[in-house]
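Please examine the model below together with its sequence. The account that follows turns to the surroundings of the ligand and then to the nonpolar cores.

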Amino acid sequence: MTPSVRIRGLNSAPLHATRDYVLYWMTSFRRARSNFSLQRAVEEAVRLKKPLVVFEALRVGYEYANDRLHTFVLQGMEENARRFADSPALYFPYVEKEAGEGKGLLAALAARACLLVGDDWPCFFVPQMQAAAAKQVDVRFEVVDSNGLYPMHHTTRVFTTAHSFRTHLQKVLPPHLLELPREDPLAGVKLPKLASLPKAVSRWKPGVEVMVSSLPIDHSVPAVSMKGGSAVGETRLKLFVDERLAEYGTSRNEPEIDGTSMLSAYLHFGHVSAHQLFARIVKQEKWSPETLGKSIGGAREGWWKLSPAAESFVDQFVTWRELGFNMSSHRPEEYRSLDSLPGWAKATIKEHAKDPRPSLYTLQQLERSQTHDELWNAAMGQLRRDGWFHNYLRMLWGKKIYEWSKGAPEALHAMEYLMGKYSIDGRDPISWSGYFWVLGRYDRAWGPERKIFGKLRYMSSDNTAKKISVKRYVAKYG
Ligand SMILES: Cc1cc2nc3c(=O)[nH]c(=O)nc-3n(C[C@H](O)[C@H](O)[C@H](O)COP(=O)(O)OP(=O)(O)OC[C@H]3O[C@@H](n4cnc5c(N)ncnc54)[C@H](O)[C@@H]3O)c2cc1C
């Protein structure tokens, strides 16, 4: 059963047991496997003895809609069409051809639904879109959290450091590790077939075949070689866990080595799940939850009782990733706001706001890699070209943007814009964790106090080049 702590009602409309089907509106967990939202919809369809309709749409009018993001999502939809084809659910993929064309489609589908199930994803335009839909439909609309290992609404507390979140997880996480989503929630399930969709829906044609170049979206950001979809994501996941995880502890900070999972884009669009990743790791490590001991006070290593490499990976994709979801789910108004920074960071930013900036770059210069710093230019070059770049360089990238901007609001805007536009994994709760980490969130005050940065942690390209090898990287992307 889908754990109740992961289910939230968004309206007070009733469930209509006599209507035609259960409707799952897939917006963020764009996958047929290991998905609590789909699982919940299946459970309700079985209980009500009704067909299940899975509705996955791609709009054109959202911020940053471009060839790169569209292509990645469409590749995922093609894969979903294949996976649902042999299932008892009816998959209804819909790609909007012009802005506003899809308006009314969800309402038309929901008008004949017993229940509407959605994805509880706490960021970007999704919560506002769902809140508007919840007012429009006359049927119970519930959203289900399939984001991570720790259900977002198990706590109301907002954690301001990774250490305090880790301490908390060490106390409360174990029972949630026993409640994994079913790998294939439709396997072995028998559901009635739906004779036809409501007549009112017929003016919207289902299908994923579309020429991205014909859509009214930004064509200046081309598709990348990284291909979207659950099948590619799962292959990458398996390859990483089986062949690279053992070296993660030593190679994760080296941008010239393919030492990280490169799963962020797949996690972002929900093509793979955190649970699938976790399940593969624990299988590889022959681990079981019984080995978990008591909290060890938030220490980074030693609690999971996994190999050191796996512990350091789990700390990234559980502690650090889910820390971002904790913030955006409980502070929807603040996770993107400078007001949410810790007091010391706000004070030091204010104190140094008027410090002269020896190098100031416009957003356009940043976007075109036109700075004096060749490592930074290379990182921006990789982001423009590949739609992804390495964590260590993201930290440096953000710190330099702050140093080269008039102030924190301008730096924040530049980070949001560049990542939102070019990074496949952008527009995610951990995107804002990253931008705000640059400005002091989840960090402490550092000394010595410097110009511009004040007590914010400082990073420089020269120091980075001393710590890690970047020569080949600069040659490749510079
Ligand atoms: C300024 C800045 C901006 C960032 N913007 C984004 C973004 O837009 N989207 C995004 O997904 N990540 C972002 N990150 C976090 C991190 O850099 C990426 O998740 C990571 O580099 C993705 O590569 P990977 O999948 O190979 O990571 P791996 O090292 O293989 O880690 C596995 C997963 O763990 C999570 N993870 C790893 N590092 C972090 C971290 N530092 N914080 C939170 N979660 C983490 C991600 O989900 C990642 O896919 C940003 C970090 C910084 C400093």
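**The ligand shell and the nonpolar cores**

In this predicted model, α11 is the element that contributes most to the shell around the ligand, supplying 5 residues. This helix spans residues 308-330, and the other elements that give two or more residues to the shell are α9 (264-268), α15 (391-403) and α17 (429-438). The shell comprises 23 residues, of which Y248, T260, S261, M262 and S431 come nearest to the ligand. Sorted by class, the shell holds 12 nonpolar, 8 polar and 3 charged residues.

Several polar atoms of the protein lie beside nitrogen or oxygen atoms of the ligand. From Q316, a polar side-chain atom is placed 3.1 Å from a ligand nitrogen. The side chain of W388 has an N or O atom 3.3 Å from an oxygen atom of the ligand. At D425 the contact involves the backbone, where a polar atom lies 2.9 Å from a nitrogen atom of the ligand. The ligand taken alone would expose 820 Å², and the protein buries 95% of that area.

Attention may now pass to the packing of nonpolar residues. In soluble globular proteins, nonpolar side chains tend to be buried together. Here the largest nonpolar core contains 132 residues, and those touching the most other members are L52, W304, W397 and Y402. Leaving aside residues up to four places away in sequence, L52 is in contact with V22, Y24, L38, A41, V42, A45, A89, L90, L186 and L191. A second core, separate from this one, consists of 23 residues, among them A108, L109, V139 and V143.

Notes: Residues numbered from 1 in each chain as written. Predicted model: local features only at pLDDT ≥ 70, side-chain atom pairs only at ≥ 80, totals over all residues. Heavy atoms only, no water. Core = buried A, V, L, I, M, F, W, Y, C linked by side-chain atoms within 4.5 Å. Buried < 20%, exposed > 50% of the residue type's maximum accessible area, 1.4 Å probe, protein only. Contact = heavy atoms within 4.5 Å. Near = heavy atom within 4 Å. Polar contact = N/O pair within 3.5 Å; in protein donor to acceptor, adjacent residues only side chain to side chain. Areas by Shrake-Rupley, 256 points an atom, 1.4 Å probe, with all protein chains shown as cover. Helix = DSSP H or I, 4+ residues; strand = E, 2+ residues; numbered from the N terminus. Nonpolar A, V, L, I, M, F, W, Y, C, P; charged D, E, K, R; others polar.
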